[in-house]
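Dear colleague,

I am handing over the structure we spoke about, and below it I have set out what was found when its empty spaces, packing and cysteines were examined. Please read the text with the structure open beside you.

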Amino acid sequence: MVEGKPKAQSGVWSTVKPFVNGGVSGMLATCVIQPIDMVKVRIQLGQGSAAQVTKNMLANEGFSSFYKGLSAGLLRQATYTTSRLGSFRVLTNKAIEANDGKPLPLLQKAGIGLTAGAIGACFGSPADLALIRMQADATLPAAQRRNYKNAFHALYRIIADEGVLALWKGAGPTMVRAMALNMGMLASYDHSAEFFRDSLGFSEVSTVVGASAVSGFFASACSLPFDYVKTQIQKMQPDASGKYPYSGSLDCAMKTLKSGGPFKFYTGFPVYCVRIAPHVMMTWIFLNQIQKIEKSIGL
């Protein structure tokens, strides 16, 4: 009986460990990246260049404005990143077992990344909605501001004012964006890590940093058009007659394409890349360090 108990605990830990590690690494990365994410959202809302947005925020709202929505960002990582990184690792391990321990082809990794992104988006969409609204609130006229105090207050107000299903407003573009991001991020990381380690003979540190950089770039390039549409849908307000500017994500995409052309979807790409790529890199680096610490203490 005494010997059986640790085995059961070990089995439970081995099951939840990919999810716990993914969530913690994502939350740590978010704490560092939050100011850049805030500037990115303001650029997408048409408030000017990165320099102009940064200057105006410091002058008009103070340094603390860069961390507005941090609670929602952390909640998002606790749900979204926990589920996507955890499910990606679980699904990858299952696929490798089915492949007799051989590395998976890139196409199969991309498919697993798409699946993991969809799973993560389902869990993370409410927190993502709260984050976008909190970040965009200061750009609205005073009478239209929602003035959410924190992520949990935002979720409560959304349910009370709009109904529980409103928590998944914009979930369609959120899920598509997450699938695109994770396809680029997860598949490219594993594939480039294998290439750097096995073909080029990189050290562990060089492999992690190099693969993280590749992962960050592809995550940014694949996901920005969907992120742009998602942001427009989630922050829209009805006009005086109660009509919204877009009927849905497809309508938003078509109107954006008609008014600004395809490059409109890449508005703020340098800042978005600077925001996404370091977050992706730090998530992988934090994850690698967490795994090393766990290994050193026998977890």
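The lining of the second largest cavity has, by class, eight charged residues, together with three nonpolar ones and one polar one. Please keep in mind here and throughout that this is a predicted model. The residues around the second largest cavity include the charged Asp37, Lys40, Arg76, Asp128, Arg177, Asp227, Lys230 and Arg275, while Val41, Leu131, Ile132 and Gln135 also belong to its lining. H1, H4 and H7 each contribute at least two residues to that lining, and H4 provides the largest share, with four residues. The space inside the second largest cavity comes to about 80 Å³.

In total, four cavities of 30 Å³ or more were counted. The largest cavity has a volume of about 100 Å³, and among the 13 residues that line it, Arg84, Leu181, Arg275, Ile276 and His279 are the closest to its centre. Its lining is made up of five nonpolar, four polar and four charged residues, and H3, H6 and H9 each supply at least two of the lining residues. Arg275 thus appears in the lining of the largest cavity and also in that of the second largest.

Leu181, which lines the largest cavity, also belongs to the largest nonpolar core, where it is listed with Met185, Leu186, Ala219, Ile276, Val280 and Trp284 as having the most contacts inside that core. This core has 24 residues, and the elements that give two or more residues to it are helix H3 (70-98), helix H4 (106-136), helix H6 (171-199), helix H7 (204-235) and helix H9 (269-296). The most comes from H6, which gives seven residues. If neighbours within four places in sequence are left aside, Leu181 is in contact with Tyr80, Arg84, Ala219, Ser223, Tyr272 and Ile276. Apart from this core lies another one, of 14 residues, which includes Leu75, Ala151, Ile158 and Leu167.

Turning to open space, the largest pocket has a volume of about 780 Å³. It is lined by 34 residues, of which Arg89, Tyr189, Asp190, Asn288 and Gln291 are the closest to its centre. Two or more lining residues come from each of helix H1 (4-44), H3, H6, H7 and H9. By class, this lining holds 13 nonpolar, ten polar and eleven charged residues.

Where does Lys109 sit, and is it buried or exposed? Lys109 is found in helix H4, and it counts as buried because its relative accessible area is 2%, which is under the cut-off of 20%. Leaving aside neighbours within four places in sequence, its contacts are with Phe88, Leu104, Ala187, Asp190, His191 and Glu194. Asp190, one of these contacts of Lys109, is also among the residues closest to the centre of the largest pocket.

How many disulfides were counted? The count comes to zero. Cys252 is in no disulfide, and the nearest cysteine sulfur, that of Cys222, is 20 Å away; since a disulfide would need the two sulfur atoms within 2.5 Å, this pair does not qualify. Cys252 is buried, with a relative accessible area of 0%. Cys273 is likewise in no disulfide, with the sulfur of Cys222 again the nearest, at 11 Å, and Cys273 counts as buried too, at 16% relative accessibility.

Finally, two residues other than glycine have a positive phi, and you may wish to look at them in the display. Asp100, with a phi of about 60 degrees, has its place in the loop between H3 and H4 and is exposed, with a relative accessible area of 67%. Asn147, whose phi is near 55 degrees, is found in the loop between H4 and helix H5 (151-162), and Asn147 is exposed as well, with a relative accessible area of 51%.

With best wishes

Terms used: Residues numbered from 1 in each chain as written. Predicted model: local features only at pLDDT ≥ 70, side-chain atom pairs only at ≥ 80, totals over all residues. Heavy atoms only, no water. Core = buried A, V, L, I, M, F, W, Y, C linked by side-chain atoms within 4.5 Å. Buried < 20%, exposed > 50% of the residue type's maximum accessible area, 1.4 Å probe, protein only. Contact = heavy atoms within 4.5 Å. 1 Å grid on protein atoms, 1.4 Å probe; cavity = no way out; pocket = protein on both sides within 12 Å on 5 of 7 lines; lining within 4 Å. Points joined across faces, edges and corners; volume = space filled by probe spheres on them.
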